[in-house]
Protein chains: 2
Amino acid sequence: MADDDMRTRILDAAEQRAREGGYHGFSFREVAADVGIKSASVHYHFPTKTALATALAERYTERSLEVIGTPETPLQAFDRVSELFRHSAAVERKMCLCGLFGAERDGLPPEVAKATQSYFTRLIAAIQAPSVRGEAPFHAETILSTLEGALLVARAIHDLSVFDRVVTDLRRAYENQKRPT
Amino acid sequence: MADDDMRTRILDAAEQRAREGGYHGFSFREVAADVGIKSASVHYHFPTKTALATALAERYTERSLEVIGTPETPLQAFDRVSELFRHSAAVERKMCLCGLFGAERDGLPPEVAKATQSYFTRLIAAIQAPSVRGEAPFHAETILSTLEGALLVARAIHDLSVFDRVVTDLRRAYENQKRPT
DNA sequence: AATTATCTACCTATCGATAGGCAGATTTGA
DNA sequence: TCAAATCTGCCTATCGATAGGTAGATAATT
């Protein structure tokens, strides 16, 4: 039921906080209070805020890649990533962690910025993979950008139906479109 | 040549800072130092950080709407907004202010969140306007979401060519696509 | 006994914000 | 016309709160 590992519980709490206010929007004290320890004890598990945020981005990346898996067609890749972001919007009701970090890029410690960059490059690679056999109508960057933007905009105007309309628009174009180049 | 009005200079400096680190990523002291006054003097022009950030979002919205103007066709609307975001990516080399604020939504003072929401609803309305006569292939939300996401992703992976590829993908789909419903 | 995990207690730096003052320009009123 | 009053735009100094981070004692586990 409860998370056994304190390190995991810290990551969970920090992720929630970071997905609300971004890197500068959460603190060791808040996270510590969330998990029921003192802020000094958080430093035992993660020596610096940079280390904590980097671990956050890396775990988030791995989890996202697991959801995407190894799709066999471009359309299947599209649907997997759509579902990943739809879950973020409708179930977790939170921004994408690395989307938020990416927006804050210039205000991030370099190590966190690098981990954030990896999230995007690795997801793009995973989305692009099935296109090796068979052309895809859109670049992998286009899929990811659109979903990241749809999540951001839908949340900003407090209307999750925006997300679904954007996905519908893009998917229709994706199916109708023939080879791009 | 130089900005006469201190209020304007404060807004300019704060906008640069906010577009780097977000709402929690800039401070009165930094902004004050940028314009050559003391942080206490910034409070003379903007009583609270909420007031400053709200003014920032409102000014950003007005300026964006001026760039978009009143396009006469859906495709013209698309191109105007594309150019707005391309300028942000390639010339200013900064994230969209309200895109960043939107990502941080849950960590924002309510007044700032509302001003951010207005940015998106008003831009969507401006993009949608020419569609009253003549169908548009995509919803206005799709245009805005995709560009916001493309800006975010391109910056996150330090590759501005991503932005252009996404815009090219979307524009091709936009031209090829026939009436959606 | 040694390792692991958490504690108390504290540090320095910075945060947003307030109080009160002061020089200079502007307005007001006799 | 000239002096009193007010306003503008900044200043210094300081507030309480909070930030990330550290040292060393203590408790728990093996």
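This is a short tour of a predicted model, first around DNA strand D and then across the interface of chain A and chain B.

Before you click: residues are numbered from 1 along each chain as its sequence is written, while chains are lettered from A and ligands numbered from 1 in the order in which they are written. Local features need pLDDT of at least 70, side-chain atom pairs count only at pLDDT 80 or more, and totals for chains, interfaces and linings use all residues; side-chain values use heavy atoms, with hydrogens and water left out.

**Stop 1: DNA strand D**

Select DNA strand D and show what is near it (a residue counts if one of its heavy atoms lies within 4 Å). You should get 15 residues, and the closest are A:Lys49, B:Lys38, B:Ser41, B:Tyr44 and B:His45. Now look from the DNA side: of the strand's atoms within 4 Å of the protein, 57% belong to sugar or phosphate and the rest to bases.

Next, zoom in on polar contacts (pairs of N or O atoms within 3.5 Å; within protein, one must be able to donate a hydrogen and the other to accept it, and residues adjacent in sequence count only if both atoms are side-chain atoms). Pick A:Lys49, where a polar backbone atom sits 2.7 Å from a phosphate oxygen of DNA strand D. Then try A:Ser27: an N or O atom of its side chain is 3.0 Å from a phosphate oxygen of the strand.

Colour the helices now (DSSP runs of H or I, at least four residues, numbered from the N terminus). Two or more residues of this surface come from each of α2 (28-35) and α3 (39-45) of chain A and α3 (39-45) of chain B. Which one gives the most? That is α3(B), with four residues.

**Stop 2: where chain A meets chain B**

Show both chains and select their contacts (heavy atoms within 4.5 Å). Here 43 residues of chain A touch 43 residues of chain B. Together the two chains bury about 4,000 Å², with 59% of that on carbon and sulfur atoms (buried area is the accessible area, 1.4 Å probe, that two parts lose on being put together, summed over both).

Now hunt for salt bridges (a side-chain nitrogen of Lys or Arg within 4 Å of a carboxyl oxygen of Asp or Glu). The interface has four of them. For one, select B:Arg165 and A:Glu141, whose side chains meet at 3.0 Å, N to O.

Last, highlight the helices of chain A that each supply at least two residues to the side touching chain B, among them α1 (6-21) and α8 (140-156). The largest share, eleven residues, comes from α8(A).
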